[in-house]
Amino acid sequence: MGLYDRYLATRIRLSDGGVPERIALVITEHDLLERGAYDTLASFLQWAFEIGGQEVLIYVSVLDEAVIPTLRTALSDLECPHEVAIREPGAESVADAPVQVSIGLGGRQEFATAVRRIAEDAAAGALDPEDVDESEIERRLVFQSPPDLVIKTGAERLSDFLIWQSVYSELYFTDVNWRDFRRRDFFRAVREFQERKRRFGR
């Protein structure tokens, strides 16, 4: 770790602001085509847990669903200190692991699937429509952990990942492309998180 990285790590450790326990990362399939992309991803996971993170959610946006099997294989082999749960378009089972990966499963599709399942249960008489509330929706989502911090690399625009869960998340955009993303870039995101005053919609 370089001198500047050690400086940032010390600032994070000594800060009165807490560290983000649940960290989400938004990248693209093209980012993972770059040389060293998976090594950077493995390092990112290590950095996140080293600062005290409890969960990491990774969203890989996909334009061509034909690449999903290849991405799934590569991500399954990713060097990681914790269990990894990978979900794809059409998935309904909850991703319950310290590291959760979405390959092309966007928030709109996830939310629509949850609503469809609620409608099916209501039509079958297994659920009273009067009992449908936020918690009923949330327990049917694939990704159930609301991230504290969402990091988006490469461009300042939102994706449709975690559109329900991230409503109160802190968003951090960096123009650093994934191929150039370093420990210090991660530390900068965490430092900015610590300096913000979270309002949770209030």
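Mentor: A residue is called buried when its relative accessible area is under 20%, exposed when that area is over 50%, and partly exposed in between, with a 1.4 Å probe and protein chains only. The structure above is a predicted model, in which local features need pLDDT of at least 70, side-chain atom pairs count only at pLDDT 80 or more, and totals for chains, interfaces and linings use all residues. Residues are numbered from 1 along each chain as its sequence is written, and side-chain values use heavy atoms, with hydrogens and water left out.

Trainee: Why is Leu32 called buried?

Mentor: Leu32 has a relative accessible area of 5%. That value is under the 20% limit, and therefore Leu32 is buried.

Trainee: Where does Leu32 lie, and what does Leu32 touch?

Mentor: Leu32 is placed in the loop between β1 (22-28) and α2 (37-50); these labels follow DSSP runs, numbered from the N terminus, where a helix is a run of H or I of at least four residues and a strand a run of E of at least two. Leaving out residues up to four places away in sequence, Leu32 touches Ile27, Ala37, Tyr38, Leu41, Val60, Leu71 and Trp178, a contact being heavy atoms within 4.5 Å. The C-alpha atoms of Leu32 and Leu75 are 9.9 Å apart, with the two positions 43 residues apart along the chain.

Trainee: How many helices and strands does the protein have, and in which order do they come?

Mentor: The protein has 6 helices and 6 strands. Starting at the N terminus, the order is α-β-α-β-α-β-β-α-α-β-β-α.

Trainee: How do you know whether the radius of gyration agrees with that of a compact globule?

Mentor: The radius is taken over C-alpha atoms, and the globule rule is 2.2 Å times the number of residues to the power 0.38. For 202 residues, a compact globule would have a radius near 17 Å; the protein has 18 Å, so the two agree. Along the principal axes, the C-alpha atoms fill a box of roughly 65 × 40 × 30 Å.

Trainee: What share of the protein counts as buried?

Mentor: Of its 202 residues, 44% count as buried. Among contacts between residues at least 6 apart in sequence, 66% join residues at least 24 apart.

Trainee: What makes the pair Glu88 and Arg72 a salt bridge?

Mentor: A salt bridge is a side-chain nitrogen of Lys or Arg within 4 Å of a carboxyl oxygen of Asp or Glu. The side chains of Glu88 and Arg72 meet at 2.5 Å, N to O, and therefore satisfy that rule. Their link joins distant parts of the chain, with Glu88 in the loop between β3 (84-87) and β4 (99-103) and Arg72 in helix α3 (residues 68-76), 16 residues apart.

Trainee: Why is Glu88 called partly exposed?

Mentor: Glu88 has 21% relative accessibility, which lies between the two limits, so Glu88 is partly exposed.

Trainee: What makes Arg116 and Glu92 a salt bridge?

Mentor: The closest N and O atoms of Arg116 and Glu92 are 2.7 Å apart. The pair connects distant parts of the chain: Arg116 is in helix α4 (residues 107-123), Glu92 is in the loop between β3 and β4, and 24 residues separate them. Arg116 counts as partly exposed at 37%, and Glu92 likewise counts as partly exposed at 33%. Salt bridges with shared partners join Glu92, Arg116, Arg117 and Glu120 into one network.

Trainee: How many salt bridges does the rule give?

Mentor: The count comes to 19 salt bridges.

Trainee: Is Glu136 buried or exposed?

Mentor: Glu136 has a relative accessible area of 10%, and therefore counts as buried. Glu136 forms a salt bridge with Arg139, with 2.9 Å between the closest N and O atoms.

Trainee: What is the phi value of Leu162?

Mentor: Phi of Leu162 is near 55°, a positive value in a residue other than glycine. Leu162 sits in the loop between β5 (149-153) and β6 (170-174). At 0% relative accessibility, Leu162 is buried.

Trainee: Why is Ala122 called partly exposed?

Mentor: Ala122 has a relative accessible area of 29%, so Ala122 falls between the limits. Ala122 lies in helix α4. Neighbours within four places in sequence aside, Ala122 is in contact with Leu127 and Pro129.
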